[in-house]
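Please work through the exercises below with the structure open beside you, trying each task before you read its solution.

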Amino acid sequence: MADKSELFPGTLDMLILRVLSRGELHGWGITNKLEQLSKSALQVDEGSLYPSLYRMEDKGWIEAEWRMTENNRRAKYYSLTRAGRKQLEHEQALWDRMSAIIALVTQSV
Amino acid sequence: MSFLRPLGRRLRHLFRRRQTEAEMADEMRFHLEQRAADFAADGLRDADARAAALRRFGNLASIQEQSREAHGWGWLERFGKDLRFAARQLARTPGFALLAIVTLGLGIGANTSMFSVINGVMLKPLPYAHLARLDRLYRVTAQNPEGNIAPADFREFQPLQAAYGEVAAYTPANVSLAEPGRPAEMALSARATSNLFSLVGVQPQLGRDFRPGEDTPGRDRVVILSQRTWQNRFGGALEVIGRTVRIDGAPHEIIGVMPPSFNDWRFLGGIDFFRPLAFTAAEAADRTGPVLRVLGRRAPTLAPEAADRLIASFGAHLATAFPAANAETHWRRVTLQSAAAGSGAVAVLPLLLGLSGFVLLIACSNLANLLLARTMTRAREFAVRAALGASRLQLLRPLLAESLLLALAGGALAVVVAYWFRDWAAVRSTGDNGEHVDFIVDWTVMTWAFAASLATALAFGLAPALFALRLDLNHTLKSGGRGPIGGRSHQRFRRFLIVGQFALAMILLAGAALFIRGLDDLNRRRSGWESRQLVTGTIALPAGTYGDDEKTTAFHRLALERLAALPGVASVSLSSSTPSIIWPEIRKFVVEGQDRPATGREPAAVVNRVSPQYFATFGTRVLAGRVFTERDTANSPRVFILNQAAARGLFGAQNPLGRRIARLDGAELRTGEVVGVVNDVQPVLPDDNPVVFQIYQPMAQEPRRESELAVRAADTAPATLVDRIRAAMTELDPDLPVSRLQPADATIYRLNYQNRVLRDMLGAFGGLGLALASLGIYGVIARTVAQRTGEFAIRLALGATGRDIIRLVLGSGVRMALLGSAVGLLGALGVTRLLAAAYPNLPTNSPLILSATTLLLVAVALVACWLPARRAGKVDAIQALRAE
């Protein structure tokens, strides 16, 4: 297993939105997906996902619906709203710019 | 409405919290189970798998807490907790809570009641359609900025309706109202153009409106009742429509009843019924008698400024086209809403609201003091909490919650006070015909009370809160709650509050005292006449029976003879006005043999037509010449009597007797000889702008059917004459009512009721302010004494006497009171100015009242300080020092 990194503050929301942009998922599914995509390099308390989800639900970026899973269990499925998609684009652009600037600065010194 | 959706979700979370909570738990449980299943698949035992899943999840309780916060209602829940905590704290000290709530309730209540007056008089819209376009039109003369309009001028305006919009007019008068089988009553009737009701957009509730054309002579025998008259006199019977009543002796058919909303007490409130305004050709052509009150509804396309210009240019046209009647006059337009409020109210009500605000300020500073003391006893607790890392906000929240709770309870009490005040004002103002003021407590008033409560909570809650923030932790924790906590700035602040209170109380008391004394003066003052033995009343001879002047004069003569013959009567008179009557007649005069002033600039005088015994009856002293006699009749030469001011103003140092003056009736001159000079008489209403020249004419030379009856009692109490007078008048003419027949002093008392309501309110403000201020100084001194017990003990031990200590304590209290009064004195002078401007006829003899108020305040401060001072003087030095 590679060394684990902590998230930059504020980036969890963006990651969740990104994961959800590929289709609706429940909280557990999002955790799995994040693990998969980051190749288990992220060090996050799994539970801290949920306050983030609720906050974004409040803001109207994602909406939730209770449905049955394939194994017949009730689970809350989250999906992106239009506002969420816009927010994702916005945060992505912000992030890209930021990392470009950081790269620029760190490489030039 | 995308921003509403998140709000909806939040609200759902708030109101279905249990369900949200369950869903959250469910979701997390699902997560944990899945993770545990993963671990179990890796080969862990069940229990270990669950524990490992929990570890991966993080601190469950903390995450759930964060999740709840994420829903955005965390602050509300915290706030609710704060309020509950504050309520428990207050319940533990019910005495303090009660004192605070009552203080606030009275303070906010005084303020809210005053606001409800402003709301009722000025803010509440009149119940008419298109109110924004309704105007009153005034003809402004040098004597009267709100003058009425002569019929001919009104007719002149008719063509302008195309440009301005519709106009209507009415004129009120006392008339007799009689039905078969019932004694005649006097009622206030208004004759109105047939479009008055449609112009303000109100239709009769029962029956029909006037028809166009009913305002012509011969077709005008119809009447529309006000709701009040219908209820009070006709018992609200539906079958009154079509019934015939006799008005001034002539039969009229009742055709309608107006709805309750129509006679708003601010406009047309006193009118009992309405008749069409039917002028004969001669009446309609009259340009000299301004009798019409004119209102208009602007065309929707006409801007207010354009309307102003239109009205002003019409006034200018009248002044140039008819200089005899209209030179030096102009026209102006005022919205009906503000005209109904009255210019006096607009001037004085904000002043009173300000004064009631002072009461609230005193209450606030009292509470700030109380809360400060309360906070300081908890200083140790605050210090400990701050030392343990509580944030400023966490320290402040319970304090603010406490003051908010108190203020809201006070606000609720204030609404009760406002309701009570509304009933009180209605009772106090109810007139003979049941008309009364109506200061409703509506949402505007409620909002005011609520806003005042919030502002109050901030005002008195913030002071202790700020002091709590500035606590010196080290010192407080070390001193262990003993000694003068809070230090010097704290003491200074409390002194500052007390000085401020006394300054405000000084302004309040001085203002109230000036107003009260001024009104009492007016009520008692009878300058130039004497009212104690007088009975007065109003008669209006019906035009039908007493159509011409000869009949009127004959009846007057007969009535005077009969009444003078009654036992207990000293003298009797009839006159067109009295020193307390409301509708004075103002005319212009020129002196024969003097250069005539420019047209419109002739001197004006109040004209009173009087019967021979008038001056004897009213006790007005005759200074020179003679009074009118029975020989001054319609056929004898015209004669005048001047008051002293008119004699001086018209003739200077010359002897006016035998000189000739002329009254201007339009272009016509009515010339006569001056036969006497009498004392100046001052009217009794405070807001009348007095016209100083008074000129009397014999009633018989120009009789009026509406006149004031006055009877002077010889030695009996005047009230005992009332029934005898009424019986004698009924015997003369059973159709002729005498209204307001009662002792003159009672009539004057009634006339002043509006000002008396204000006077009582001001008195209440002043008393309340004084009580609160004395309570405040008592509290502060008592507290200081308690804190300085140790110091006093040392002083006593070192040889000071109890008397020295008392002097010390009293001195500090009196110093604060004096300083406050001195500051307040400046404010009081300002208030005096404002009162004098609003009531030109009100005596404001200030130096005496101001010094008396100062003395009163210092005396109150002395008494309030005396109790704690005596306790300080009795300190047992040994015991106090041991207790240290």
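## Exercise 1: a helix pair

α26(B) and α28(B) pass each other in a right-handed crossing, as found in this predicted model.

Task: describe how the axes of α26 and α28 of chain B are arranged, and work out which residues meet and of what class they are.

Solution. Begin with the geometry, since two packed helices are described by the angle between their axes and the distance between the axes. The axes of α26 (residues 753–787) and α28 (residues 802–838) of chain B cross at roughly 145° and come within 11 Å. Next, locate the contact: α26(B) brings Ile777(B), Ile781(B) and Val785(B), which meet Val809(B), Gly813(B), Met816(B) and Ala817(B) of α28(B). Finally, sort these contact residues by class, which gives six nonpolar, one polar and no charged.

## Exercise 2: a domain contact

Task: place domain 2 and domain 4 of chain B in the sequence, and characterise the side of domain 2 that touches domain 4.

Solution. First, read the bounds from the domain assignment of chain B, where domain 2 covers 142–328 and domain 4 covers 543–734. Taken over C-alpha atoms, the centres of domain 2 and domain 4 of chain B are separated by 29 Å. The contact draws 15 residues from domain 2 of chain B and 14 residues from domain 4 of chain B. On the domain 2 side, the elements giving two or more residues are β2 (165–179) and α13 (323–326) of chain B, and α13(B) supplies the largest share, three residues. As a last step, class the residues on this side of domain 2 of chain B: eight are nonpolar, four polar and three charged.

Conventions. Residues are numbered from 1 along each chain as its sequence is written. Chains are lettered from A and ligands numbered from 1 in the order in which they are written. This is a predicted model: local features need pLDDT of at least 70, side-chain atom pairs count only at pLDDT 80 or more; totals for chains, interfaces and linings use all residues. Domain bounds come from an automatic or database domain assignment. Two residues are in contact if their C-beta atoms, placed from the backbone, lie within 7 Å. Helices (H or I, at least four residues) and strands (E, at least two) are DSSP runs, numbered from the N terminus. Ala, Val, Leu, Ile, Met, Phe, Trp, Tyr, Cys and Pro count as nonpolar, Asp, Glu, Lys and Arg as charged, and the others, Gly among them, as polar. Axes are lines fitted to C-alpha atoms, for helices over the stretch in contact, and angles run from 0 to 180 degrees between N-to-C directions. A crossing is left-handed if the near helix is turned anticlockwise from the far one by less than a right angle, and right-handed if clockwise.
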